[in-house]
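Colleague: I've got a model open and a handful of things I'd like to ask about it. Could you talk me through them one by one?

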Amino acid sequence: EVSGDRNLVDFRFPVQYVNRPTAEFRGYCGTVASGIVRVGDTVMVLPSGLQSRVQRIVALDGDRDYAVTPQSVTLCLADELDISRGDMLAHPGNLPFVATDAEAMLIWMRDRPLQVNHAYGIKMGTRMLRATFQRLHYRINPDGLHREPAMKLDLNEIGRVDVSFFHPAIFDEYQRNRNTGSFVVIDLQSNDTLAGGMIIERTRHRGPSQPAAVQTGVRHLSKESSLVTNAERRRLLRQRPLTVWITGLSGSGKSTVARYLERRLIDMGHVAFVLDGDNIRSGLCRDLGFSAQDRKENIRRIAQMARLMNDAGMIVITAFISPYHDDRLTARQCIGEERFLEVYIDTPLDVCEARDPKGLYRKARAGELHDFTGVSAPYEIPEQPDVTVSTIRDEPATVTAHILKRVKEFLD
C-alpha cells in the first residue's frame, strides 16, 4: 500500500509562510511533512529551540482538532515567537537533526560535473541554504550497483558525498522520512537544478543520544563576564553606548547619512563607527545571499556585532536595508531597547530607482538580480520609527542634524 509509506510518527512541519492578515491573528502556514499534530501539543521551533503550544489548527474548511500528513494547514501558537519561512516545528521529544554537515547520495542531472568545494544552493523543504560538497566517496555503477572510485560526477551519475552547510540544516535520514531527508541542488548563478540528494542512514555528525547537534553543543557554552563594568567604560569614553539603526530602500541615502553622522559624532569627541551593508557582506556575511532567510541571518549577525560594540562602550551606526519588521524587532531586542534608535529614511521607490547609484534596480528589472527589495522582494515600512527623515526635501547635512538631535537626547 502506497499510504503505508507515510511517516505518521515523527511530526515535522516546515513553515512555508507567516500569515498576519490582522494584528490579532498570527499563523504559520505549511504542509505537515510527516506525523500528526493536535491542538494543545507542545512544539519546538527549529533551529532556535523555542517552545510553545498549538492553540489552533486552521484549515480551508475551518478549525480542526488535529492535522496529519500531507494536509496543508495553518498553526497558531499560544506565544508570539520569532518564526519565519524555513523554520520547522516538531515535538520536543522527537526532533530532527540540526547540523552543518551530513552524508548524502547525489543524483547528478546536468552536463556540468559536480565540483568539490564549490558553493551550491540547497533547497531543503521550505529552507534555502548554501553548501559545499567536501568529499566524493565513490560513484555507483548502475549496471552492477557496485562502488567505483571517482573524482567527479557527470550527467546521470550517482555518488556518495559529504555535505557541509553554511548554516544549520534541519533534516532526517531519507530512509526514515523522505520529505525531510531529501533536497535539491541549485546553481547559484543560473538557478538551474543540478541534482537531487538524499541524506543517507549513516551520518558522521551525531552520537547515539544527540538528535540535534547544534542545540546539544549550545548547552555546553557559558557566557563569561568582564572584570570591567559598563560604568567604567562610560567614564573612560565619556559617552553612553548606542546603536543608530538606519533603514530604508537601496538608494535612499542610508550610507551617506551614516557617514555624515559618524563624522559629526567624531568631531564632537565621541567614539563612533559605521557598519555598512556592502562592507559587512564582503567579509562577515560573504556566505549569505538575499533570500528572506539569508537576510534574517544577515541582520542577526549585525545585531550581535552591534551589541558587542555597544558593550565595549561605542556608538554604532548601521546602514542596512533590513526590509522586514520582525528582523528589525529582533535586532532591537538583541541590542536592548535602552540603546537602540531606529531611523527610517523615507525615500519613495521611484526616487531611489531614479538615483540607482549602483545600477542595481536596472539589473533587477532586467531579471539579473533576484530577491531585490522594492522590485522582487518586499520592504516593510517601519510602523513606529524613533526618527523619520527624508533625503528628498533636505540635504544630508540637514538630515544628519535632525538625527543628531535625537542622538543627543539618548546620550544625555
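Colleague: Let's start with the hairpin that strand 5 and strand 6 form: which residue in the turn has a positive phi?

Modeller: Keep in mind that this is a predicted model. Three bridges join strand 5 (residues 42-46) to strand 6 (residues 51-59), and the two run antiparallel. Four residues sit between the strands of this hairpin, and the one in the turn with a positive phi, about 85°, is G49.

Colleague: And the loop there has a proline. What is the omega of the peptide bond from L46 to P47?

Modeller: P47 belongs to the loop between strand 5 and strand 6. The bond leading into P47 from L46 is cis, with omega near 15°.

Colleague: Where does strand 5 go on its other pairing, and which residue in strand 10 is the bridge partner of M44?

Modeller: Strand 5 also pairs with strand 10 (residues 88-90), in the antiparallel sense and over three bridges. M44 stands opposite Q51 in strand 6. In strand 10, the bridge partner of M44 is A90.

Colleague: How many of the five residues of strand 5 are buried?

Modeller: Buried here means under 20% relative accessible area. Strand 5 is largely enclosed by the rest of the structure, because the number of its five residues that are buried is four.

Colleague: On to strand 19. Which residue in strand 20 is the bridge partner of F273?

Modeller: Strand 19 (residues 272-276) is mostly covered, with four of its five residues buried. Strand 19 and strand 20 (residues 315-319) run parallel and are joined by five bridges. Within that pairing, the strand 20 partner of F273 is V316.

Colleague: Now the empty space. Which element gives the largest share of the lining of the second largest pocket?

Modeller: The second largest pocket holds about 1000 Å³ of space. Its lining takes in 39 residues, and V18, S84, Y324, D326 and E380 are the ones nearest its centre. Strand 2 (17-19), strand 13 (127-140), helix 5 (292-311) and helix 6 (325-335) each give two or more residues to that lining. The largest share, six residues, comes from helix 6.

Colleague: D326 caught my eye. How many residues apart in sequence are the parts that R26 and D326 tie together?

Modeller: The side chains of R26 and D326 meet in a salt bridge, 3.5 Å from N to O. R26 lies in the loop between strand 2 and strand 3 (27-31) and D326 in helix 6, so the distance in sequence between the tied parts is 300 residues. As for cover, R26 and D326 are both buried, and the sequence separation you asked for is 300 residues.

Colleague: What is the volume of the largest cavity?

Modeller: The count comes to one cavity of 30 Å³ or more. Among the residues lining the largest cavity are D87, M124, R127 and N179. The volume of that cavity is about 90 Å³.

Colleague: R127 and D87 both turn up there. Is D87 buried or exposed?

Modeller: The side chains of R127 and D87 meet in a salt bridge, with N to O at 3.8 Å. R127 lies in strand 13 and D87 in the loop between strand 9 and strand 10, so the pair ties together parts 40 residues apart in sequence. R127 has 6% relative accessibility and counts as buried. With a relative accessibility of 4%, D87 is likewise buried.

Colleague: What about D311: what is its relative accessible area?

Modeller: D311 and R339 meet through their side chains in a salt bridge, 2.6 Å from N to O. The pair links distant parts of the chain, with D311 in helix 5 and R339 in the loop between helix 6 and strand 21 (340-345). R339 counts as buried at 12% relative accessibility. D311 is partly exposed, and its relative accessible area is 30%.

Colleague: One last backbone check. Is N156 buried or exposed?

Modeller: N156 isn't a glycine, yet it has a positive phi of about 70°. It lies in the loop between strand 14 (147-148) and strand 15 (158-171). Exposed means over 50% relative accessible area. At 62%, N156 is therefore exposed.

Note on methods: Residues are numbered from 1 along each chain as its sequence is written. This is a predicted model: local features need pLDDT of at least 70, side-chain atom pairs count only at pLDDT 80 or more; totals for chains, interfaces and linings use all residues. Side-chain values use heavy atoms; hydrogens and water are left out. Buried means under 20% relative accessible area, exposed over 50%, partly exposed in between (1.4 Å probe, protein chains only). Two strands pair if DSSP finds at least two bridges between them. On a 1 Å grid over the protein atoms alone, a cavity is a set of points where a 1.4 Å probe fits but cannot get out, and a pocket is an open set with protein on both sides within 12 Å along at least five of seven lines; lining residues have an atom within 4 Å of a point. Grid points are joined across faces, edges and corners, and a volume is the space filled by probe spheres set on the points. A salt bridge is a side-chain nitrogen of Lys or Arg within 4 Å of a carboxyl oxygen of Asp or Glu.
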